[in-house]
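Subject: Structure handover

Hello,

Here is the structure I promised to pass on. Please look through it before reading the notes underneath.

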Amino acid sequence: MDDKVVSIGDASQELLEHVSRNMNAGRAVIGTPTGFREIDRRGGLQKQDLVIIAGETSMGKSALATTIAANSVLQGSSVAYYSLEMSRMQLTARVIAGQSGVSSSEMLFQQVSLDKFAHIAQSVDAVRNARLFFDDSPTSSLDNIIRSIRSMKIRHNIDGAVVDFLQRLSFNTRNTTQEQAIGRAAQRLKDLAKELDIWIIALSQL
């Protein structure tokens, strides 16, 4: 019999064991923490989930996603980040900005004071061993990103992945509208999350 097929008896026993662990944990049991109290109070990021962050241009979708990723890895999680707009330097600057209080644009494009440099250096030390991985390959192919996520799971045992953003992905849209293509991409990411037992955050522009 296929080892993915389980009976209600087995599934209910797994549920009972999960509830028992929650009772004995001494605190609320969550998935991957995000650093946002209301999200974490409701369980954080759960494996096998696809979370869509949607908004109009320049509403802070990427800033939210990088903050969640940074908070997660600083709590010991392992995350892969795929940006179709920003380089690893820009992404890292955003992460360090959240820790140091120095804006990413100031780090990248201005001469900072010695005091601010000290804050930046301290923040770099704090994240040096964090398990946040960027695949900086120049590709927007959904197939390539899926292959990379699978590789990241094998190599780094990631807990989750962030894809920024769906509209920039390239896929075969023959005989389909963009909305249908994006829907199919989201479904493939959802299937991947279940297959690899990870969570995936995908950003979408309204």
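The notes below cover salt bridges and then the largest pocket.

Please keep in mind that this is a predicted model.

Salt bridges

Searching the whole structure gives nine salt bridges. Three of the pairs are described here, along with one network.

Glu-38 pairs with Arg-42, and their closest N and O atoms are 2.8 Å apart. Glu-38 has a relative accessibility of 40%, so it counts as partly exposed. Arg-42 has a relative accessible area of 60% and is exposed, since the cut-off for exposed is over 50%. This pair does not stand alone: Glu-38, Arg-41 and Arg-42 are linked in a network of salt bridges.

A second salt bridge joins Glu-85 to Arg-168, with 3.6 Å between the closest N and O atoms. Glu-85 sits in the loop between strand E2 (78-83) and helix H4 (88-100), while Arg-168 sits in the loop between strand E4 (160-164) and helix H8 (178-196), so the pair ties together parts that are 83 residues apart in sequence. Both partners are partly exposed: Glu-85 has a relative accessible area of 49%, and Arg-168 has one of 39%.

The third pair is Arg-128 with Asp-125, where the closest N and O atoms are 2.8 Å apart. Arg-128 is exposed at 55% relative accessible area, whereas Asp-125, at 49%, is partly exposed.

The largest pocket

Arg-128 also appears in the lining of the largest pocket. How much space lies in this pocket? The figure is about 240 Å³.

Along with Arg-128, the lining is made up of Ala-70, Val-73, Thr-92, Val-95, Ile-96, Val-124, Val-127, Ala-130, Leu-132 and Phe-134. Helix H3 (61-74), H4, helix H6 (114-127) and strand E3 (131-134) are the elements that give two or more residues to this lining. Which element supplies the largest share of the lining? That is H4, with three residues.

Sorted by class, the lining has nine nonpolar residues, one polar and one charged. The charged one is Arg-128, which is the partner of Asp-125 in the salt bridge described above. The polar one is Thr-92.

In short, Arg-128 belongs to both parts of these notes: it forms a salt bridge with Asp-125, and it lines the largest pocket.

Regards

Definitions and conventions:
Residues are numbered from 1 along each chain as its sequence is written. This is a predicted model: local features need pLDDT of at least 70, side-chain atom pairs count only at pLDDT 80 or more; totals for chains, interfaces and linings use all residues. Side-chain values use heavy atoms; hydrogens and water are left out. A salt bridge is a side-chain nitrogen of Lys or Arg within 4 Å of a carboxyl oxygen of Asp or Glu. Buried means under 20% relative accessible area, exposed over 50%, partly exposed in between (1.4 Å probe, protein chains only). Helices (H or I, at least four residues) and strands (E, at least two) are DSSP runs, numbered from the N terminus. On a 1 Å grid over the protein atoms alone, a cavity is a set of points where a 1.4 Å probe fits but cannot get out, and a pocket is an open set with protein on both sides within 12 Å along at least five of seven lines; lining residues have an atom within 4 Å of a point. Grid points are joined across faces, edges and corners, and a volume is the space filled by probe spheres set on the points.
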